[in-house]
Amino acid sequence: ICSMTQQRGFTLIELMTTLVIAVLLVTVAIPSFRDIFIRNRLTLYANEFIAAIHYARSESVKRGQSVILCKKGNGTDCTVDSQRYWEGGWIAFVDTNANGSLDTDETLLRVWPALPSPYTLRPNNNFTNFVRYDTSGAATNLGTFAVCYDSNEKRSKAIVIPRLRPRLGADKFDKDCKPEPDDIPEKDSGPCANGTNIGSCENP
């Protein structure tokens with residue numbers, strides 16, 4: 001006796017329902033993956049800049065000379081052009097005569113490439129053009145850098161530069177100094193005793 005097994009296919013309604021669910025899942029997942037990617041990149045670029053600062057600081061101690069990290073101009077020179085920014089790349093050099101610029105008889109130590117757009121790296125006014133470390137490995141000024149995506153303080157990274165070891169700014173408080181993280185990092189200066197949100201991506 002032969003038995004026939006009847007195979008049942010999907011109905012049009014079932015296929016359409018499955019398709020709608022798949023589209024909804026993709027719609028929810030894509031922004032989440034994009035956010036994770038941006039956050040990872042911000043962390044990567046912030047850590048890269050902190051490593052550059054550590055490098056300049058260690059070289060100043062090792063060489064017993066002033067070492068500068070400056071925003072890059074054309075090629076391997078520093079720039080004070082207000083229309084050029086740190087995300088365009090930076091360089092480290094031995095500033096033998098302590099004039100803040102790379103002269104022909106001074107040693108170029110290292111060159112870092114630009115960040116991809118629309119990521120930005122901007123300092124407060126203390127580090128508009130360069131960060132200097134003296135012979136003891138101490139920064140000659142204090143301040144903060146902000147690494148942002150598309151000028152958005154949310155998800156950004158703050159790089160706090162004290163006299164000695166630079167560090168990433170924490171996110172423990174909101175703009176009103178309440179102990180509630182708001183996805184905006186804090187700098188050391190400001191009205192909040194335990195750290196104040198960066199002011200903006202352009203001038204943290």
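Buried means under 20% relative accessible area, exposed means over 50%, and partly exposed lies in between (1.4 Å probe, protein chains only). This is a predicted model, where local features need pLDDT of at least 70, side-chain atom pairs count only at pLDDT 80 or more, and totals for chains, interfaces and linings use all residues. Residues are numbered from 1 along each chain as its sequence is written, and side-chain values use heavy atoms, with hydrogens and water left out.

**Exercise 1. Classify Arg-155 and Asp-35 by accessibility, then describe their contact.**

Step 1. Arg-155 has a relative accessible area of 15%, so Arg-155 is buried.

Step 2. Asp-35 has 23%, so Asp-35 is partly exposed.

Step 3. The two form a salt bridge, with the closest N and O atoms 2.9 Å apart. A salt bridge is a side-chain nitrogen of Lys or Arg within 4 Å of a carboxyl oxygen of Asp or Glu.

Step 4. Asp-35 and Arg-155 are 120 residues apart, and the pair links distant parts of the chain: Asp-35 lies in helix α1, Arg-155 in strand β7. Helices (H or I, at least four residues) and strands (E, at least two) are DSSP runs, numbered from the N terminus.

**Exercise 2. Find the salt-bridge partner of Arg-39 and place both residues.**

Step 1. The partner is Asp-183, and the closest N and O atoms are 2.8 Å apart.

Step 2. Arg-39 sits in helix α1, while Asp-183 sits in the loop between β8 and β9 (186-187), 144 residues apart.

Step 3. Arg-39 is partly exposed, because its relative accessible area is 30%. Asp-183 is partly exposed too, at 28%.

**Exercise 3. Place the salt bridge between Asp-95 and Arg-132, then look at the wider set.**

Step 1. In this pair the closest N and O atoms are 2.8 Å apart.

Step 2. Asp-95 belongs to the loop between β2 (90-94) and β3 (108-112), and Arg-132 to strand β5 (residues 130-133). They are 37 residues apart.

Step 3. Both Asp-95 and Arg-132 are buried.

Step 4. Salt bridges that share partners join Asp-35, Arg-39, Arg-155 and Asp-183 into one network. The structure holds nine salt bridges.

**Exercise 4. Describe the surroundings of strand β2.**

Step 1. Five of the five residues in β2 are buried.

Step 2. Trp-90, Ala-92 and Val-94 point one way, and Ile-91 and Phe-93 the other way. In a regular strand the side chains alternate between the two faces of the sheet.

Step 3. Strand β1 (residues 67-71) pairs with β2 in the antiparallel sense over five bridges. Two strands pair if DSSP finds at least two bridges between them. Cys-70 has Ile-91 of β2 as its bridge partner.

Step 4. β2 also pairs with β3, again antiparallel, over four bridges. Here Ala-92 stands opposite Arg-110 in β3.

**Exercise 5. Give the strand order of the open four-stranded sheet and name its edges.**

Step 1. The order is β4-β6-β7-β8, with antiparallel pairing.

Step 2. β4 (119-123) and β8 (167-168) stand at the edges. Each has a single partner strand, so one side of each lacks a neighbour in the sheet.

Step 3. Strand β7 (residues 152-161) pairs with β8 over two bridges. Ile-159 has Leu-168 in β8 as its bridge partner.
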